[in-house]
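Visitor: Please show me the model. I would like a short tour.

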Amino acid sequence: MIKKIIPLVIVLGVSILIIGIYLSSLNFEETDSEEINSQVEEIIIVDVVMPIKVSRPGCDIEDICYIPSTVIVEKGKSVTWLNEDSSFHSVTSGFYGEPSGIFDSGYLDPYQYYTLSFDEYGTYDYFCTLHPWMKAQVIVK
Ligand SMILES: [Cu+2]
């Protein structure tokens, strides 16, 4: 009786082992491709940053409400802003109280980014609709 059971147990054990290896190889493939996809999605080239604490007045003294406060781009190229602060901010064309209506990011959440392409030459002043002291410009050459 025992002589019959031992080969059966061995066959069963080997079968489970093979199934286990097969399943784990499937899982590894899925994890690898997911990791590659998430790495690709995270590469964002940021041109302008809204740094921390610019929701309080004072950043305007050193002109660091948007860094850099003047960004120069070639016509047809895009600019990406990233809000690194814990408050909402916006990237809105014109001046505080006088929006020009060319672009408006709306409220950007912390760590949200906004990309805009510039297809016309010119100097584009912009500001934050929530914080009057926050202003900067994009120059398209
Ligand atoms: Cu702001």
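The questions below deal with a sheet and with one loop residue.

Guide: This is a predicted model, where local features need pLDDT of at least 70, side-chain atom pairs count only at pLDDT 80 or more, and totals for chains, interfaces and linings use all residues. Residues are numbered from 1 along each chain as its sequence is written.

Visitor: Which strands stand at the edges of the open sheet?
Guide: Strands are DSSP runs (E, at least two residues), numbered from the N terminus. Two of them pair if DSSP finds at least two bridges between them. The open sheet has five strands in the order E2-E8-E7-E4-E5, with mixed pairing. One side of each edge strand has no neighbour in the sheet, because each has a single partner strand; the edge strands are E2 and E5.

Visitor: Do E7 and E8 run parallel or antiparallel?
Guide: E7 covers residues 122–127. In this strand, Tyr124 stands opposite Val138 of E8, and Tyr126 stands opposite Ala136 of E8. Six bridges join E7 to E8, and the two run antiparallel.

Visitor: Which residue in E8 is the bridge partner of Val71?
Guide: Strand E2 spans residues 70–73, and E8 spans residues 135–140. The two run parallel, joined by four bridges. The partner of Val71 in E8 is Val138.

Visitor: Why is Asp109 called buried or exposed?
Guide: Asp109 lies in the loop between E5 and E6. A residue is buried if 20 or more other C-beta atoms, placed from the backbone, lie within 10 Å of its own, exposed if 12 or fewer, and partly exposed in between. Asp109 has 12 within 10 Å, so Asp109 is exposed.
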